[in-house]
Amino acid sequence: MRGQRNTQIIAFLILIALVIAAPGMLYPVFVMKVLCFALFACAFNLLIGYVGLLSFGHAAFFGLGAYVTAWTAKNWGLTPEVAILLGGVSGAALGTVFGGLAIRRHGLYFAMITLALAQMVYFFCVEAPFTGGEDGIQQVPRGKLFGVFSLANDMSIYWLVAAIFLIGFFLLNRAVHSPFGQVLKAIRENEPRATSLGYRIDSYKLIAFILSTFIAGIAGGTKSLVFGIATLTDVHWSMSGEVVLMTLLGGLGTVFGPVMGALVVTAMENYLAPFGAWVTVTQGLIFIACVLAFRRGIIGEIGARLKLAL
Amino acid sequence: MFSIFGVPAPLLFGQLLLGLINGGFYAMLSLGLAVIFGMLNIINFAHGAMFMMGAFVAWMLLNYLGINYWFALPLAPLIVGVFGFVLEKTIISRLYKLDHLYGLLLTFGLALVLEGLFRNGYGSSGMPYQIPALLGGAVNLGFMFLPIYRGWVIVVALVVCIATWMLIEKTKLGSLLRAATENPALVQAFGVNVPRLVTLTFAGGVALAAFAGVLAAPIYSVNPNMGSNFINTVFAVVVIGGMGSIFGAIVSGFGLGVIEGLTKVFYPQASDTVIFVVMVLVLLTRPAGLFGKAA
């Protein structure tokens, strides 16, 4: 156990170093996009990787977070940290309701219910006046952090995004490695047994769901400030599919997999953007390849080769 | 011109008709999903893509080969069914030993590939498909005008649903199918080729989706997104009806279509969300679905 701890600490330090060094090597806005999606994927991974719950509607929380942050930053003039926090809180509030409904069913039904509920949010966002319909909420001001530091410059907002990502990442990992996380894993491995040991399964699942949706809302809110826009794309089911893809490709149930998956998928979308629907085709092919031949994902495979828990 | 609950009758009946049509599609699609789920334990996320392919194959048959609607109606499901047969043999059969969730992920990927390919080839604006001459025009029913094609769709959808139900509940093949759903190992021990049965079930379910696609082609424009627009709603229908019962899938499909149609009349803003609201209510009161067995 101790050796495993050490590898993870070293890997975490490498990740911090990479996050600090990245904007020197790559376009900062691209790195920020990767970080937002990486945080989103980590939040999703908490459910699929550690509780065994496949949520196919995580775009609802990501998108709601984006809309709330964008709307409050633009119309109420809230400072970025408050607006992002509100995005996270609204994601968690929605997550409490949806989680409470969805955990009534297991397995594939859970996936279908989350998908259907997210679709309801999508249609709501199409109709609701505050989302701006097809146009979305545009020209969202980045504002001043704590009302003091202007974030208009790409590099200054980069450090905020990096800090949010690292804090969120750390928080999720603390949850996974805590006694709470051990119970989650027990539920994943053998639910009836965990019940018979006296754990209130549904409460554990619900808390994990709320934590995951809170972080998803934070990720969505941060993304909307970076790009100054929140649109229907953020709540569309294809966004839910994308986060599943990132996590699957990086490695389900690995600590660093979702980050790697987010990097690869975002980079691929950037390069393939000029080729229209080929992006969708490639995504689909990656899904198929991962399921048929590469179920451990990139980081999971590396970890298995090196006999490390990454 | 008379009115019901303050709504002009033609409007009410018009939306009711649309509701029945949508309900017919929901019923046919959720039927296929339920049958496939029963045998393969897989939620076929590509079901919407198969529906879309059915419409596209009909369109291609007409525009490239000059084969008309009446021949497309059996041919397109056959072609898509063969495609499903090959798919099951080559890819999907590798999943049975894995966690059920992988089936969902794989078929989701499949849906993305198919949709993406058709969008590359044909754009996403959609192409019209002419209503066959024999079914053009409308009849005056006294209280409303009924476009003949729409009436035809409702009748055919009902007939297909009932025929599928009869096939599964009343025939020898159906009883084998139900037995294999309950206990595949035992059925295999009796000398039934269960893997063959599984493959045929998948091909059959997919062909049913394609058949619905051909029916839908003249009503909606033929476009690559037509399947994914439907399938998310169909998942809600499946959750409401419960997967256990074929009859449940048919009733909840038509019923929810009608509810959606009525909502369009009385509170149009909610028409897209009403099915999901019903789903929430059903989950709160009967978590296993209206016709499902507790899982």
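**Group meeting: core, interface and two loop residues**

Let me begin with the largest nonpolar core, which has 200 residues, and in which those with the most contacts are A:Leu39, A:Phe40, A:Met112, A:Ala116, B:Ala210 and B:Met279. By nonpolar core I mean a set of buried Ala, Val, Leu, Ile, Met, Phe, Trp, Tyr and Cys residues joined through C-beta atoms within 7 Å, where buried means that 20 or more other C-beta atoms lie within 10 Å of a residue's own, exposed means 12 or fewer, and partly exposed lies in between, with C-beta atoms placed from the backbone. The greatest contribution to this core, 17 residues, is made by helix α2 (residues 28-50) of chain A.

A word on the source: this is a predicted model, in which local features need pLDDT of at least 70 and side-chain atom pairs count only at pLDDT 80 or more, while totals for chains, interfaces and linings use all residues. Residues are numbered from 1 along each chain as its sequence is written, and chains are lettered from A and ligands numbered from 1 in the order in which they are written.

Turning to the interface, 33 residues of chain B are in contact with 35 residues of chain A, contact meaning that the two C-beta atoms, placed from the backbone, lie within 7 Å. On the chain B side, the elements giving two or more residues are α4 (100-122), α9 (226-241) and α11 (274-285), and α4(B) supplies the largest share, 16 residues. Helices here are DSSP runs (H or I, at least four residues), as are strands (E, at least two), numbered from the N terminus. That side of chain B divides into 22 nonpolar, seven polar and four charged residues; Ala, Val, Leu, Ile, Met, Phe, Trp, Tyr, Cys and Pro count as nonpolar, Asp, Glu, Lys and Arg as charged, and the others, Gly among them, as polar.

Which residues does A:Ala116 touch, leaving aside its neighbours within four places in sequence? A:Ala116 is in contact with B:Asn232, B:Phe235, B:Ala236, B:Val239, B:Phe276 and B:Met279.

As for chain A itself, it has 13 helices and two strands, and 51% of its 310 residues count as buried.

Finally, two residues that are not glycines have a positive phi: A:Gln139, at about 50 degrees, and B:Asn41, at about 60 degrees. A:Gln139 is found in the loop between α5 (107-127) and β1 (144-145) of chain A, and counts as exposed because it has 8 C-beta neighbours inside 10 Å. B:Asn41 sits in the loop between α1 (9-40) and α2 (47-65) of chain B, and with 14 such neighbours inside 10 Å B:Asn41 counts as partly exposed.
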